[in-house]
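Biologist: I should be grateful for a close look at one part of this protein, namely its aromatic ring pairs and their surroundings. Please explain them in a manner suited to a first-year student.

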Amino acid sequence: YTSVIHVVASCRDQESAKEAENLLQHMKEIEKSGGLVVNTVAYSAVIDAIVKSNVADGHERAFKLLREMQLRTKDEETWCAPNTITYNSVIRAFTNKGKVEGARLLFNEMLQDSNQGNKDVIPDIITYASLLHGYAKQKNLHSSRTGLDLLYKLEEEFRAGKENLKPNTYVYTSAIALLATNGLNTDAPFQAEAMLKRMQTEYEDGNKDIQPNSHTLGAVLRVWFASKHPQAPERASALLSWAEGKYKAGSNRSLKSHRILYNQLLHIWAYSGRAESLSRMEDIINEMSNLGTDLLPNAESYCNYMIAIKNCKPKDGVKQQFQILRFLIEAHDNGSKLLKPTAKAVNLVLESCSHASFRDGEVLEEAKALVKEIAKLILESEDGVWNLDDSVTYIHFFDACRSISPKFECAAIVEAVYKKCLERGQINREIKTSYTLCQHK
């Protein structure tokens, strides 16, 4: 039965979780007649199935089974006592749902029980890693400080001789992510960078458990972005060059550059507010185009450039954004999957339309054409193509039509898009307000 539950858990869906729970219930019914014993492994397998399914109430269902195991243990049924593996699964169920305080209570419970002599529930590196990941997901100052304190405790315990608490790549990558919280301290990006390079040094010295990878590097880049440090673009660029050097030299084959990292660099430049942002981003996009298929710029790359246009406000910015969206649309129509326009790109253009004065007749005509084309995409995207059914798109669409009107006869498409919005159940107060103002205009 336990083997079947493990197979079911590998499916990672809600039906599988329910099937695992049903199997457990069936095992308990057989157990009553003396046919078998439902042990720790069986319970833990079901909890693992629930966690892997990512079902909405997974943390509650996993916790319920944990408490059931504990109650049975009190009744002398020690064969189903929870162990470290059980607790780790339940803790992961809580952190997956952002319930880090619940996870911390379970961790404290493990510490208390193990200190009282229960060696089956001693927290291990997986316990700490799950908690650190949970704190990193919270993205608030309290959680970041609490998570970093936990890291320092982990390092202290390991130095004291607890070999099962040897920090690994996942632990330090999560710890770096903690440093991305705004307001933590001005040294956060430098600390993150130092942690990355210390990991690399220890890895080169033989500690294979701490090998930094592209996820670690990406976490450091996010810290630089969050810091808003004036030198963030240059430091991020230097880090990519450093990582590429380590990769090419064979010092770390897990630091291979890829598109996501370059897009993070573009993102940092886009929000830097620097006068040279656009020219530097053009250089980066051109560089990506010459570095092979894994690094070819995609729609996200160009969206970052559009964000930079919005922030830098060049004289012909609106026209540039129109040209980029037109380029993406045409490239996608010609079969490019990488350049499939995103809702973000469409929203940026619509937002530009809503604020533009349209003194340039050519730009006005392009705005009219694009708004009509976007309306068509919204109306025809029954399956959520391009994700153009979010509330931001509708708001920007109506604002854009209001800005273009009365030069633009758009009443018919406004009504059609509003009707589609109603059909999709996307209506909210902001959309109604934008639509009403558009009607009045």
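Modeller: The following account begins with the whole chain and then turns to the rings and their surroundings.

The model is predicted. Its protein chain has 21 helices and 0 strands. Along the principal axes, the C-alpha trace spans about 85 × 55 × 40 Å. Of the 441 residues in the chain, 49% are buried. The chain exposes about 21400 Å², and carbon and sulfur atoms supply 51% of that area. Among contacts with a separation of 6 or more, 67% are between residues 24 or more positions apart.

We now come to the rings. A pair of aromatic rings is described by two quantities, the distance of the centres and the angle of the planes. A search of the whole structure finds 9 aromatic pairs. One of them is formed by Phe190 and Trp224, with 5.1 Å from centre to centre and 80° between the planes. Planes over 60 degrees apart count as edge-to-face, and the pair of Phe190 and Trp224 is therefore described in that way. Phe190 belongs to helix 10 (residues 188-204) and Trp224 to helix 11 (residues 214-227), so this pair ties together parts that are 34 residues apart in sequence. How accessible are the two partners, Phe190 and Trp224? Phe190 has a relative accessible area of 30% and is partly exposed, whereas Trp224, at 0% relative accessibility, counts as buried.

A second pair has another geometry. The ring centres of Tyr418 and Tyr435 are 3.6 Å apart and their planes lie at 5°, so this pair is stacked. Tyr418 is in helix 20 (residues 411-423) and Tyr435 is in helix 21 (residues 429-440); the pair links distant parts of the chain, 17 residues apart. Tyr418 has a relative accessible area of 13% and is buried. Tyr435, at 8% relative accessibility, is buried as well; the reason is that buried means under 20% relative accessible area.

These two tyrosines also belong to a wider group. Ring pairs join Tyr418 and Tyr435 with Phe397 and Phe398 into a cluster. Asp399 comes directly after Phe398 in the numbering and is found in helix 19 (residues 391-404). At 17% relative accessibility, Asp399 counts as buried. Which residues does Asp399 touch, leaving aside those up to four places away in sequence? They are Ser354 and Ser434. With Ser434 there is a polar contact between the two side chains, at 2.7 Å.

Cysteines deserve a word in this setting. Cys401 is buried, with a relative accessible area of 0%, and Cys438 is buried at 8%. The structure nevertheless holds 0 disulfides.

Finally, some rings have a charged neighbour. The charged end of Lys208 sits over the ring of Tyr203, 4.6 Å from the ring centre. Likewise, the charged end of Lys228 sits over the ring of Phe225, and here the distance to the ring centre is 3.9 Å.

To review the two pairs, Phe190 and Trp224 meet edge-to-face, while Tyr418 and Tyr435 are stacked.

Terms used: Residues are numbered from 1 along each chain as its sequence is written. This is a predicted model: local features need pLDDT of at least 70, side-chain atom pairs count only at pLDDT 80 or more; totals for chains, interfaces and linings use all residues. Side-chain values use heavy atoms; hydrogens and water are left out. Rings of Phe, Tyr and Trp (its six-membered ring) pair if their centres lie within 6.5 Å; planes under 30 degrees apart count as stacked, over 60 as edge-to-face and the rest as tilted. Helices (H or I, at least four residues) and strands (E, at least two) are DSSP runs, numbered from the N terminus. Buried means under 20% relative accessible area, exposed over 50%, partly exposed in between (1.4 Å probe, protein chains only). A charge sits over a ring if NZ of Lys or CZ of Arg is within 6 Å of the ring centre and within 35 degrees of the ring normal. A disulfide is a pair of cysteine sulfur atoms within 2.5 Å. Contact means heavy atoms within 4.5 Å. Accessible areas come from the Shrake-Rupley method with a 1.4 Å probe; for residues, only the protein chains shown count as cover. A polar contact is a pair of N or O atoms within 3.5 Å; within protein, one must be able to donate a hydrogen and the other to accept it, and residues adjacent in sequence count only if both atoms are side-chain atoms.
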